[in-house]
Amino acid sequence: MQEKIYTIQIWDAFNNANECPFCYIKKEVEKQYLKTVIDELVMDYHFHDRIVEYAFCTEHLNMFYKKSDKLGFATLLEKMIGLEIKNMHKINKFNISRDSIRKRKCYLCERIEKSIEKSIDSTISLWLENEKFHSLYKKNGTFCQPHFFDLINKGKKIKSFIKKKKFLIITYETHNERIDLIEKNLKEYIKKFDFNYKNEDIKIDKEILIESINIVKND
Ligand SMILES: [Zn+2]
Ligand SMILES: [Zn+2]
C-alpha cells in the first residue's frame, strides 16, 4: 500500500511539476510535515520527548513563522526554549564552548531527506517495472543538479547491467539537453536588456531565472 502511494506521487510529480519532480515532491512533503509537526505537538505527548533529539534549521523555523498557526508555533518554541534552558544549566560555567551543547539535526530536513530518497528509489523501480513511464520520464525528467546526481548514484545500483546502462544514458542525455536549452534561453533573456535587440520580440520570461537557479543551486 505504502509503495502504491509513492508510485502515485511519482506519476503526479512527473506529470505536474514543471520543475524538478523531486523538488516538487519536497515542497509537497514539506507542507505536510510543517502541519504535522504542529498537530503532533498538540496531540501527542511523546512528541515532546522526540523533539529533544532534534532541532530545526533556520529555513524551517522561518517557514513555521510564516505558514503555521501562531499558537502552535509559539508552543513549539516554548518547548524548545525550555530545552535550551535545561542545557544551559548543565554547562560547566568555567569551560563554555559551543561543543558543550550536543549538535542536533533538523527534524524536518531529516524527514524530508528520507522521503526524497524513497521517491528516488520508487522512480527507479517504476522506470524498471513500467515501460509506460519511460516516455513521461524522458519528457519531464528535468532535474535540478543535486537531485540529478542523487538519481545517478542510485541508478548505478540497478542490478541488470543492460537496464542500468539504458537508465543512466537516458537520464544523463535528457538532463544534458535540458541544461543546454536553459543556457540558450538564459542568453536570449539577457538580450532583452540589450539596446541592440530592443525591436526584437523575445519570448523568454523571468521563469528562466528560476530554472537556472535549479541548475546552479547546491543544497
Ligand atoms: Zn530537485
Ligand atoms: Zn530543516
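Which helix does Glu 173 lie in? Keep that one in mind for the last of these views of a predicted model.

**View 1. How far to trust the protein, helix by helix.** Mean pLDDT for the protein comes out at 86, with 92% of its residues at 70 or more. Confidence peaks in helix 8 (residues 145-155), where the mean is 94. The low point is helix 3 (residues 45-51), with a mean of 68. Where pLDDT is low, don't read the predicted coordinates in detail.

**View 2. The protein split into domain 1 and domain 2.** Domain 1 covers 1-123 and domain 2 covers 142-219. Their C-alpha centres sit 29 Å apart. Where the two domains meet, domain 1 puts in 6 residues and domain 2 puts in 8 residues.

**View 3. The side of domain 1 that touches domain 2.** Two helices to look for here are helix 2 (21-43) and helix 6 (107-129), each giving at least two residues to this side. As for chemistry, the residues on this side of domain 1 break down into 4 nonpolar and 2 charged, with no polar ones.

**View 4. A close look at Glu 173.** Back to the opening question: Glu 173 belongs to helix 9, which runs over residues 161-191. Is Glu 173 buried or exposed? Glu 173 counts as exposed because it has 11 C-beta neighbours inside 10 Å, and the cut-off for exposed is 12 or fewer. Also in this view is Asp 150, 23 residues from Glu 173 along the chain. The C-alpha atoms of Glu 173 and Asp 150 are 16 Å apart.

Definitions and conventions
Residues are numbered from 1 along each chain as its sequence is written. Chains are lettered from A and ligands numbered from 1 in the order in which they are written. This is a predicted model: local features need pLDDT of at least 70, side-chain atom pairs count only at pLDDT 80 or more; totals for chains, interfaces and linings use all residues. pLDDT is the predictor's confidence in each residue, from 0 to 100. Helices (H or I, at least four residues) and strands (E, at least two) are DSSP runs, numbered from the N terminus. Domain bounds come from an automatic or database domain assignment. Two residues are in contact if their C-beta atoms, placed from the backbone, lie within 7 Å. Ala, Val, Leu, Ile, Met, Phe, Trp, Tyr, Cys and Pro count as nonpolar, Asp, Glu, Lys and Arg as charged, and the others, Gly among them, as polar. A residue is buried if 20 or more other C-beta atoms lie within 10 Å of its own, exposed if 12 or fewer, and partly exposed in between; C-beta atoms are placed from the backbone.
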